Amino acid sequence: MSAETILPAALGALVSGRVYPDVAPEGSPLPRIVYQQVGGVSPVYAEGALPTTENGRYQLACWAETRLQALALAQQVEEILVEHPVLQAEPIGARTAAHEPDTGLRGYRQDFSIWSPR
């Protein structure tokens with residue numbers, strides 16, 4: 001099970017299943033979470049074998065109607081990821097506030113280094 005399958009399952013209860021890879025569908029209800037892999041570490045053992053785990057740097061964006069709602073959601077996301085029994089997730093830096101002028105949405109983004117099974 002990779003991070004791509006674990007993330008929606010782990011975070012879905014927070015937002016009634018509205019966890020989307022890369023971009024949320026237009027008009028999708030709030031609150032919602034959008035995740036995107038934006039890099040990671042790609043280790044290979046000296047003998048050329050691949051490890052049984054993989055790493056990704058994931059950016060998670062939490063969107064809501066107000067800044068405080070988005071912050072509360074982002075805090076819950078961080079707690080779930082750091083305490084997850086399968087993922088090894090570590091925040092990379094603090095959360096960053098976001099605002100979408102066209103839609104008026106408020107959000108918070110945070111990057112995580114996540115190790116998961118391949």
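1. Ser2 counts as buried, because its relative accessible area is 18% and the cut-off for buried is under 20%. This is a predicted model, and the values in this note are computed from it. Ser2 is found in the segment before α1, a helix that covers residues 3–11. If its neighbours within four places in sequence are left aside, Ser2 is in contact with Glu54, Ser116 and Pro117.

2. The helix that follows Ser2 can be read through its inward-facing residues. In α1 the buried residues are Ala3, Ile6, Leu7, Ala10 and Leu11. Viewed down the axis of α1, these buried residues fall within an arc of 105 degrees, so they line one face of the helix. The elements that cover them include β1, β2, β3, α2 and β5.

3. It helps next to look at the sheet as a whole. Five strands form an open sheet with mixed pairing, and their order is β1-β2-β3-β5-β4. Because β1 (19–21) and β4 stand at the edges, each with a single partner strand, one side of each is left without a neighbour in the sheet. On average, and with direction ignored, neighbouring strands of this sheet are turned by 25 degrees against each other. The helix α1 packs on this sheet, where it touches β1, β2, β3 and β5, and its direction makes about 165 degrees with that of β2.

4. One pair of strands in the sheet deserves a closer reading. The strands β4 and β5 run antiparallel and are joined by ten bridges. Along this pairing, Pro91 stands opposite Phe112 in β5, while Glu100 stands opposite Leu105 in β5. The two strands form a hairpin with four residues between them, and in this hairpin Gly104 takes a positive phi near 80 degrees.

5. What does the length of α2 say about its geometry? The helix has 17 residues, which at 1.5 Å a residue should span 24 Å, and its end C-alpha atoms are 24 Å apart, so the expected and the computed span agree. In the sheet, α2 lies across β2, β3, β4 and β5, and it runs at about 5 degrees to β5.

6. The two sides of α2 can then be told apart. Its buried residues are Ala70, Leu73, Ala74, Val77 and Leu81. Seen down the axis of α2, they fall within an arc of 105 degrees, so they line one face of the helix. These buried residues pack against α1, β2 (32–37), β3 (53–64), β4 and β5 (105–117). On the face turned away from this buried side, α2 carries the exposed residues Leu68 and Glu83.

7. Is His84, which comes after α2, buried or exposed? With a relative accessibility of 18%, His84 counts as buried, because the cut-off for buried is under 20%. His84 has its place in the loop between α2 (67–83) and β4 (88–100). The side chain of His84 reaches the backbone nitrogen of Val86 at 3.0 Å, and a polar atom of that side chain lies 3.1 Å from the backbone nitrogen of Leu87. Leaving aside its neighbours within four places in sequence, His84 is in contact with Ile6 and Ala10, both of which are among the buried residues of α1.

Key: Residues are numbered from 1 along each chain as its sequence is written. This is a predicted model: local features need pLDDT of at least 70, side-chain atom pairs count only at pLDDT 80 or more; totals for chains, interfaces and linings use all residues. Side-chain values use heavy atoms; hydrogens and water are left out. Buried means under 20% relative accessible area, exposed over 50%, partly exposed in between (1.4 Å probe, protein chains only). Contact means heavy atoms within 4.5 Å. A polar contact is a pair of N or O atoms within 3.5 Å; within protein, one must be able to donate a hydrogen and the other to accept it, and residues adjacent in sequence count only if both atoms are side-chain atoms. The expected span of a helix is 1.5 Å times one less than its number of residues. The arc is that of the directions from the helix axis to the C-beta atoms. Two strands pair if DSSP finds at least two bridges between them. Axes are lines fitted to C-alpha atoms, for helices over the stretch in contact, and angles run from 0 to 180 degrees between N-to-C directions.
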